[in-house]
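Hi,

Here's the structure I promised to pass on. Have a look at it first, and my notes on what turned up are underneath.

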Amino acid sequence: MSSAHGSFGRTTPPTQRVLQAGEAIAALKGGATYPAMLLPYGNGRSYGDSCQNQDGLVVDMRSLDRIESFDPRTGLLVAQAGVQLAQIIDHAAPYGFFPAVVPGTKFVTLGGAIANDVHGKNHHRRGTFGCHVEAIELLRSDGKTYTCTRSSNARLLTATIGGMGLTGLILSATIRLMPVGSIDVVETVTPFGSLDAYFDRAEEADRDNEYAVAWIDQLAGGRAAGRGLLLTGNHAQRGQSVAPARAGGRSVPFQPPINVLNRPFLKAFNAAYRWSRSRNPAPQPASCEKFFFPLDGVRNWNRLYGPRGLFQHQSVIPLDAARHTVPVLLHAAREAGQGSFLTVLKRFGDLRSPGMISFPRPGYTLTLDFPNGGAATLALLSELDAITVAAGGGVNPYKDARMSAATFAATFPDWQRLENMRDPAFMSSFWSRTAMRLKLRDHAALKAAE
Ligand SMILES: Cc1cc2nc3c(=O)[nH]c(=O)nc-3n(C[C@H](O)[C@H](O)[C@H](O)COP(=O)(O)OP(=O)(O)OC[C@H]3O[C@@H](n4cnc5c(N)ncnc54)[C@H](O)[C@@H]3O)c2cc1C
């Protein structure tokens, strides 16, 4: 066993008991049973407790870090589950290929990207990461390794995509990468003065671009409320075909004793950011790093939120409710006096994920980051949940550290389908505080009705 493993938001305690992948795989294959429940652990880039297992063990999958094969004619890549997207980009870029879906950090593992069925700035064109998974090798606690494809063990495949690590250990996967002119992007930055102006353009921006996302100046109130920048882009035909070396880079070397990203800082930062990014309306070349992974440039940036950590709230609001509801969410955060450092708005398209339960669905998704201010922040987050659910939307489980079981059930009314496919020896802190409570409640209701 090795040292504790935490989450990116650091609002929940790290899991203390950790097994290395090799140890766990040998034991499961050998028919061993553990006295505690297991949960795979990727690179801990989930914000909350879906990658935590307080009452059990996490299995650190990062030592499974080998790319097995890549076919530059088809874009098919086979890799072990602990390989990070950074490695995949390094490997495939010289052949003119790029992952079809990337989240805002490349330091996520292949297993983690599948288990959370992550999305990127091109959901409208490519759907989720799971849409590009051809096969997985899944080790379950019965000691068997299942090859899961769309035609063989298909239900296990769909349960594992978005299954938050609960169906077993993904050992390796085959994914299809997409051909690109280069890994760089030609980016256009278009300022907008209000959310209505954004909503007027969002659909067209999606139609015309591979990538589209909006940054919102969340602290701007009054007549400036809802102003922001629409960032659109397409892969550059000429640009880098090799990812830059990652040596060095800036880092937050120690934990500041307070939240540095406070309101006065954010006001100044937002104004400067908006000004600097709006200066040139013409399309500009942007490196892969700058366009997709700007935050990866500063290691341990989450420390800036202070020792109490940060919460992220990601909601999705149905298309017909978004124009009304997104401003209500932003207003609630402003009124509560909470400044969100990163406020991002994006339109999800209607490509269905193969995942049994998967967060993206047609609508607009709003992401807000808040420093952990204790009870006041928790109250605001519950209010944001309530607004979201009342609008018929949902809250992202793998960004969450505190949603109620009721909010989870409203987000995924068919959560039982995943519970039915869960490996009985696997559990997470998130699942035990949401789905397992619902299960107990349903069980109690059944008993009472007997
Ligand atoms: C800066 C930043 C930006 C982000 N941007 C986005 C974004 O744009 N879109 C988005 O969707 N997400 C985004 N995220 C969230 C992140 O992409 C996901 O949480 C991702 O799944 C984390 O992967 P990980 O390898 O760190 O896995 P972990 O966080 O360690 O684990 C994630 C889940 O995967 C399971 N898991 C891990 N490995 C395996 C395996 N081998 N077998 C089975 N299950 C496994 C775990 O049990 C857990 O449930 C962002 C996170 C950060 C920090």
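Asp 117 is buried, with a relative accessible area of 0%. Bear in mind that this is a predicted model. Asp 117 sits in the loop between helix H3 (110–115) and helix H4 (123–126), and its phi is positive, at about 45°, although it is not a glycine. That caught my eye because most residues other than glycine have a negative phi.

Asn 300 is another non-glycine residue with a positive phi, this time about 60°. You'll find Asn 300 in the loop between strand S16 (298–299) and S17. Buried or exposed, or something in between? Asn 300 comes out at 35% relative accessibility, so it counts as partly exposed, whereas Asp 117 is buried.

On to the ligand. It has 33 residues around it, and the closest are Pro 40, Gly 42, Ser 46, Thr 109 and Tyr 398. Thr 109 also makes a polar contact through its side chain: an N or O atom there is 2.7 Å from an oxygen atom of the ligand. With Gly 112 the backbone does the work, as one of its N or O atoms lies 2.9 Å from a ligand oxygen. Which atom of the ligand does the backbone of Ile 170 meet? A nitrogen, with a backbone N or O atom of Ile 170 at 2.9 Å from it.

Next, the empty space. Rolling a probe the size of a water molecule over the atoms shows where such space is left. For cavities of 30 Å³ or more, the count comes to four.

The largest cavity holds about 60 Å³ of space. Its lining consists of Tyr 47, Gly 48, Leu 310, Phe 311, Gln 312, His 313, Leu 381, Lys 399, Asp 400, Ala 401 and Arg 402. Strand S17 (residues 310–317) gives the most to that lining, with four residues. By class, the lining of the largest cavity has five nonpolar, three polar and three charged residues.

The second largest cavity has about 50 Å³ of space. Around it are Asn 116, Gly 162, Met 164, Ile 357, Ser 358, Phe 359, Pro 397, Tyr 398 and Phe 412. How many of the lining residues of this second largest cavity are charged? None: the split is six nonpolar and three polar, with no charged residues. Tyr 398, part of this lining, is also one of the residues closest to the ligand.

As for pockets, the second largest one has about 310 Å³ of space. It is lined by 19 residues, and those closest to its centre are Arg 352, Ser 353, Gly 355, Ser 358 and Pro 360. The lining of this pocket divides into eight nonpolar, six polar and five charged residues. Ser 358 turns up here and in the lining of the second largest cavity.

One more residue to look at is Ser 182. It lies in the loop between strand S10 (178–179) and strand S11 (185–192), and it is buried, with a relative accessible area of 2%. Leaving aside neighbours within four places in sequence, Ser 182 is in contact with His 235, Ala 236, Gln 237, Arg 238, Gly 239 and Gln 240. His 235 is 53 residues away along the chain, yet its C-alpha atom is separated from that of Ser 182 by 6.1 Å. As for Ala 236, its backbone oxygen lies 2.8 Å from a polar atom of the Ser 182 side chain.

Cheers

Terms used
Residues are numbered from 1 along each chain as its sequence is written. This is a predicted model: local features need pLDDT of at least 70, side-chain atom pairs count only at pLDDT 80 or more; totals for chains, interfaces and linings use all residues. Side-chain values use heavy atoms; hydrogens and water are left out. Buried means under 20% relative accessible area, exposed over 50%, partly exposed in between (1.4 Å probe, protein chains only). Contact means heavy atoms within 4.5 Å. A polar contact is a pair of N or O atoms within 3.5 Å; within protein, one must be able to donate a hydrogen and the other to accept it, and residues adjacent in sequence count only if both atoms are side-chain atoms. On a 1 Å grid over the protein atoms alone, a cavity is a set of points where a 1.4 Å probe fits but cannot get out, and a pocket is an open set with protein on both sides within 12 Å along at least five of seven lines; lining residues have an atom within 4 Å of a point. Grid points are joined across faces, edges and corners, and a volume is the space filled by probe spheres set on the points. Ala, Val, Leu, Ile, Met, Phe, Trp, Tyr, Cys and Pro count as nonpolar, Asp, Glu, Lys and Arg as charged, and the others, Gly among them, as polar. A residue is near a molecule or strand if one of its heavy atoms lies within 4 Å of it.
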